[in-house]
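Me: I'd like to go through this model and ask what earns each label. Can you set the values against the cut-offs for me?

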Amino acid sequence: MPNALAERLTAWGFSWEGLRDNRRGEWWLIAQMALIAAHLLPATPPPASLGLAWPLPVRLAGLALFGLGLVLAGQGARNLGASLSPLPEPMADAPLVTTGAYGRCRHPLYQSLILCSLGVTVALGSVLHLGLMLGLVVVLGFKARREEARLVLLHPDYGAYRQATAAILPGVPWLDWRSA
């Protein structure tokens, strides 16, 4: 098992040098993982401490958003197949995927992370988690832009796909820069 993990990390392009100088976008991945892990923190402040009774339907809606995010993540990962990489540097020999989840938006895995984060925020009613979600939006926006700069060079058809398909969330300026 350790050899399989080492082989997978090497295939994705991980290296000690990259961790030091961010050559394949490793720092964006570290920031993303830290923000995701921080979602395990308890609601701060708890809604009750603010005099709010967080309604069960709102909590359930948050759980539904979280579940939807997980489903969309599975679809996006399945559509990418062996081309899936956690780094924003695309794998050089990976084909351009524009169907399935990638027909809906160019970065469905980032979209799913934002939906999961929104779900946690709504379910917990936490100001801390709202801040974590906004931080994740910023990190994923920058990570996607870095990824796209390379995709344009690797795939001649990427420009047309980019103009026709929303980046992460349609109509949200930081998360859909088709007109930029």
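Reply: Sure. Contact here means heavy atoms within 4.5 Å. Keep in mind that this is a predicted model.

Me: Which residues of helix 3 and helix 7 meet by that rule?

Reply: From helix 3 there are Trp-28, Leu-29, Ala-31, Gln-32, Leu-35, Ile-36 and Ala-38. They meet His-129, Leu-132, Gly-135, Leu-136, Val-139, Leu-140, Phe-142, Lys-143 and Arg-146 of helix 7. By class, that contact has 11 nonpolar, three polar and two charged residues.

Me: Why is helix 3 called roughly antiparallel to helix 7?

Reply: Helix 3 (residues 26–38) and helix 7 (residues 127–154) pack at about 160 degrees, with their axes 9 Å apart. Angles over 145 degrees count as roughly antiparallel, so helix 3 gets that label against helix 7. As for handedness, helix 3 passes helix 7 in a left-handed crossing.

Me: What makes helix 4 and helix 6 roughly antiparallel?

Reply: Their axes cross at roughly 165 degrees and come within 7 Å. The cut-off is again over 145 degrees, and helix 4 and helix 6 are therefore roughly antiparallel to each other. The residues of this contact divide into 18 nonpolar, six polar and one charged. Helix 4 passes helix 6 in a left-handed crossing.

Me: Now the loops. Why does Ser-85 count as buried?

Reply: Buried means under 20% relative accessible area, and Ser-85 has 16%, so Ser-85 counts as buried. Ser-85 is in the loop between helix 4 (56–80) and helix 5 (101–104). Leaving aside neighbours within four places in sequence, Ser-85 is in contact with Trp-12 and Met-91.

Me: What lies 3.2 Å from a polar atom of the Ser-85 side chain?

Reply: That's the backbone nitrogen of Leu-87. The cut-off for a polar contact is a pair of N or O atoms within 3.5 Å.

Me: Is Asn-22 buried or exposed, and how do you know?

Reply: Buried: Asn-22 has a relative accessible area of 13%, set against the cut-off of under 20%. Asn-22 is in the loop between helix 2 (16–21) and helix 3.

Me: What is the phi of Asn-22?

Reply: The phi of Asn-22 is positive, about 65 degrees, although Asn-22 is not a glycine.

Me: And what is omega for the cis peptide bond from Thr-44 to Pro-45?

Reply: For that cis bond, omega is near -15 degrees. Pro-45 is found in the loop between helix 3 and helix 4.

Note on methods:
Residues numbered from 1 in each chain as written. Predicted model: local features only at pLDDT ≥ 70, side-chain atom pairs only at ≥ 80, totals over all residues. Heavy atoms only, no water. Axes fitted to C-alpha atoms, helices over the stretch in contact; angles between N-to-C directions. Helix = DSSP H or I, 4+ residues; strand = E, 2+ residues; numbered from the N terminus. Parallel < 35°, antiparallel > 145°, perpendicular 65-115°, else oblique. Left-handed = near helix turned anticlockwise from the far one by under 90°. Nonpolar A, V, L, I, M, F, W, Y, C, P; charged D, E, K, R; others polar. Buried < 20%, exposed > 50% of the residue type's maximum accessible area, 1.4 Å probe, protein only. Polar contact = N/O pair within 3.5 Å; in protein donor to acceptor, adjacent residues only side chain to side chain.
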